[in-house]
Amino acid sequence: MSVPPPLRSTFVTVLAWVFIGMAGFATLIAALQNLMLQWLFLPAMQAQPMPPLPQGMPVPMQWMFGHMAWFFRAFLLVSSLTLIAAIGLLRRHEWARRMFIGLMGFAIAYHLLGLAWQWWFMGSMDTFVHAPGMPADASAVMHGFMRAIQLFSTLMALGFCVLFGWIIRRLHSAQVRDEFRPWAASS
């Protein structure tokens, strides 16, 4: 006697379709960005040497400019993996559920590390905010604007971490795990 297939929850179906849409669009954009980078920008940069970065540029910005191509490549990789996992999630493959949980964990770590990076990056921008010759009120406005950006970004990142943590918890639940168990059709 075979075990009937488990009911397909709305949660997994909606989650899969939302991420198929978002990751599909992100993968398309990332592929186009990488094509432009490979065919237009990198050859142009190799043909004509880049001017040196401005003096006094913060170390985080120097590092970011030095590794810009890798950010585009990593974005393509992660968005493609997310699309593959979302399609597998919709089809109720166990490997996709595990992969999706891993991607959500990666997204949480990415947001938390991004917060640390942003606070370090914005902190290093104080040298530009308090540049010689800048009016005091312009410096104060820039400083306040940067703090507002940091606060908003912190709230957004923490909100996404909570959302992704909730998704992980739901995907670990017994009811959802049951949807992904193998079953044999009756003969």
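Okay, quick word on terms before I start: when I say helix, I mean a DSSP run of H or I with at least four residues, numbered from the N terminus. And please keep in mind that this is a predicted model.

Let's take the overall fold. The protein chain has 7 helices and 0 strands, and along the sequence that reads α-α-α-α-α-α-α. There are 187 residues in the chain, and 30% of them count as buried. How much of the contact set joins residues 24 or more positions apart? Among contacts with a separation of 6 or more, that share is 80%. As for the outside, the chain exposes about 12,400 Å², with carbon and sulfur atoms supplying 75% of that area.

Now the inside. The largest nonpolar core has 25 residues, and the ones with the most contacts inside it are Leu15, Phe19, Leu89, Phe100, Ile167 and Leu171. Four elements give two or more residues to this core: helix 1, helix 3 (68-90), helix 4 (94-124) and helix 6 (136-172). Which of them gives the most? That would be helix 1, with 7 residues.

If you want one residue to click on, try Leu89. Leaving out residues up to four places away in sequence, Leu89 touches Val12, Leu15, Ala16, Ala96, Arg97, Phe100, Leu171 and Phe180. Leu15, Phe100 and Leu171 were also on that list of residues with the most contacts inside the core. Hang on to Arg97 from the Leu89 contacts, since I'll come back to that arginine.

Leu89 is also one of the buried residues of helix 3, along with Ala69, Ser79, Thr82, Leu83, Ala85, Ala86, Gly88 and Leu90. Helix 3 itself has 23 residues and reaches 33 Å from its first C-alpha to its last, close to the 33 Å expected at 1.5 Å a residue. Just after helix 3, have a look at Arg92, which takes a positive phi of about 65°.

But what about Leu77, buried or exposed? Leu77 is found in helix 3 too, yet it counts as exposed because its relative accessible area is 52%, and the cut-off for exposed is over 50%. The C-alpha of Leu77 is 8.3 Å from the C-alpha of Thr27, even though the two are 50 residues apart along the chain.

Staying on the surface, there's a nonpolar patch to show you. The patch is made of Phe25, Leu28, Ile29, Leu32, Leu35, Met36, Trp39, Leu40, Phe41 and Phe75, with about 1,000 Å² of accessible area together. Helix 1, residues 10-47, provides the largest share of the patch, 9 residues. Recall that helix 1 also gives the most to the core, with 7 residues. As an example from the patch, take Phe25, which lies in helix 1. Phe25 has a relative accessible area of 56%, so it counts as exposed.

Last topic, charges. Side chains of opposite charge can pair when their charged atoms come close. Here the count comes to 4 salt bridges, and I'll go through three.

The pair I promised first: Arg97 and Glu94 meet in a salt bridge, at 2.8 Å from N to O. They sit 3 residues apart in helix 4, so about one helical turn separates them. Arg97 counts as buried because its relative accessible area is 5%, whereas Glu94, at 25%, is partly exposed.

Glu94 has a second partner, since its side chain also forms a salt bridge with Arg98, at 2.9 Å from N to O. Arg98 and Glu94 are 4 residues apart in helix 4, again about one turn of the helix. Why does one glutamate get to meet both? An α-helix has 3.6 residues a turn, so residues three or four places apart point the same way. Arg98 is exposed, with a relative accessible area of 57%, while Arg97 is buried. Put together, Glu94, Arg97 and Arg98 are linked in a network of salt bridges.

The third salt bridge is Arg181 with Asp178, where the closest N and O atoms are 2.5 Å apart. Both ends count as partly exposed: Arg181 has a relative accessible area of 27%, and Asp178 has 32%.

That's my tour, thanks.

Technical notes. Residues are numbered from 1 along each chain as its sequence is written. This is a predicted model: local features need pLDDT of at least 70, side-chain atom pairs count only at pLDDT 80 or more; totals for chains, interfaces and linings use all residues. Side-chain values use heavy atoms; hydrogens and water are left out. Buried means under 20% relative accessible area, exposed over 50%, partly exposed in between (1.4 Å probe, protein chains only). Contact means heavy atoms within 4.5 Å. Accessible areas come from the Shrake-Rupley method with a 1.4 Å probe; for residues, only the protein chains shown count as cover. Patches are made of residues with over 30% relative accessible area and no salt bridge: like charges are joined within 9 Å, nonpolar side chains (Val, Leu, Ile, Met, Phe, Trp, Tyr) within 5 Å. A nonpolar core is a set of buried Ala, Val, Leu, Ile, Met, Phe, Trp, Tyr and Cys residues joined through side-chain atoms within 4.5 Å. The expected span of a helix is 1.5 Å times one less than its number of residues.
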